[in-house]
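Visitor: I'd like a close look at just one part of this protein. Could you pick a pocket and walk me through what surrounds it?

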Amino acid sequence: DERSFYEEQRQKANADERSSGRDNKVRQLISVLVAARAEARGSSYASEAISGRAGNGTRNGVDRGRSTAQSGTVTRENLLDLLWPDSNASNANGLHSTIKRARAFLGNPEAILLNEEGYMLGPMVETDCEEALRHYDDVRQARKRNALFSITFHYEQIVRLTDRGPFMGGLYGSWLDGLRTRLATVRRTAAVRLIEIELERG
């Protein structure tokens, strides 16, 4: 009857909302681990994105995990704080489930590793943002050598890797702003340089 139909639709809507919330937690977890590893690797874009940019949001965001940042690890406590900032109750089971889903999403149980300090991305995980910014470091070295072929190649790779919308689109937090800004700047620089190269070639 009509009442059963509407009850079924309400339950379906609630289930979809819960599923969407779980998916968002998975993406947020992965983005936190990506940022932590970027800082651990000592890249300038990571320091710009994380150090001192968390502000007051998300209880100082990733900045609270700086004591373990050198290893690319985020503590269990920081992950709980970041993923459930408004919750006073323990979400240990929620964190365990989110990590399990994130490993499945990344396609390998070794994609997220647990050590004595907390959780970190496994070495098998390669992100577009890390690859793009590595190409940017490489192109600076190629420009010192005036190696035009290498310069063009690295700029083309940057444009290709960043042609997928904003980094971690759909997730919000001041701790992501620096990294997004850096990637946007790198993409814009690469595009302009490629145009200049073509103009010089005539």
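**A walk around the second largest pocket**

Guide: Let's start with a residue on the rim of our story: Asn146 is exposed, because its relative accessible area is 63%, and anything over 50% counts as exposed. Keep in mind that we're looking at a predicted model. Asn146 sits in the loop between helix H5 (128-145) and H6. There's something odd about its backbone, too: Asn146 isn't a glycine, yet it has a positive phi of about 60 degrees.

Asn146 is also one of the residues that line the second largest pocket, so let's go there. The space in this pocket comes to about 160 Å³. Who's lining it? Going along the chain, you meet Arg143, Asn146, Leu148, Ile151, Tyr155, Arg193, Glu196, Ile197 and Glu200. Sort them by class and you get four nonpolar, one polar and four charged residues. Two helices each supply at least two residues of this lining: H6 (148-161) and H7 (174-201). H7 gives the most, with four residues.

Now zoom in on H7. Two residues of the lining, Arg193 and Glu196, are joined by a salt bridge, with their closest N and O atoms 3.2 Å apart. Both lie in H7, three residues apart, which is about one turn of the helix. How covered are they? Glu196 counts as partly exposed because its relative accessibility is 33%, and Arg193 is partly exposed as well, with a relative accessible area of 29%. For both, the middle class applies because it covers what falls between buried, under 20%, and exposed, over 50%.

Stay on H7 a moment longer. Glu198 and Arg201 also meet through their side chains in a salt bridge, at 3.1 Å from N to O. Here too the partners are in H7 and three residues apart, about one turn of the helix. Glu198 is partly exposed, with a relative accessible area of 47%.

Next, hop back to H5, the helix before the loop that holds Asn146. Asp137 forms a salt bridge with Arg140, and their closest N and O atoms are 2.8 Å apart. These two are separated by about one helical turn, because they are three residues apart in H5. Asp137 is partly exposed at 30% relative accessibility, and Arg140 is partly exposed at 41%. A search of the whole structure finds four salt bridges, including the ones on H5 and H7.

For contrast, try a residue with hardly any accessible area. Ile99, in helix H4 (residues 92-106), counts as buried because its relative accessibility is 2%. Setting aside neighbours within four places in sequence, Ile99 is in contact with Leu29, Ile112 and Tyr119.

Finally, step back to see the whole chain. It has seven helices and two strands, running α-α-α-α-β-β-α-α-α from the N terminus on. Of its 202 residues, 39% are buried. The chain exposes about 11800 Å², and carbon and sulfur atoms supply 49% of that. Among contacts with a separation of 6 or more, 63% link residues 24 or more positions apart.

Definitions and conventions. Residues numbered from 1 in each chain as written. Predicted model: local features only at pLDDT ≥ 70, side-chain atom pairs only at ≥ 80, totals over all residues. Heavy atoms only, no water. Buried < 20%, exposed > 50% of the residue type's maximum accessible area, 1.4 Å probe, protein only. Contact = heavy atoms within 4.5 Å. Areas by Shrake-Rupley, 256 points an atom, 1.4 Å probe, with all protein chains shown as cover. 1 Å grid on protein atoms, 1.4 Å probe; cavity = no way out; pocket = protein on both sides within 12 Å on 5 of 7 lines; lining within 4 Å. Points joined across faces, edges and corners; volume = space filled by probe spheres on them. Nonpolar A, V, L, I, M, F, W, Y, C, P; charged D, E, K, R; others polar.
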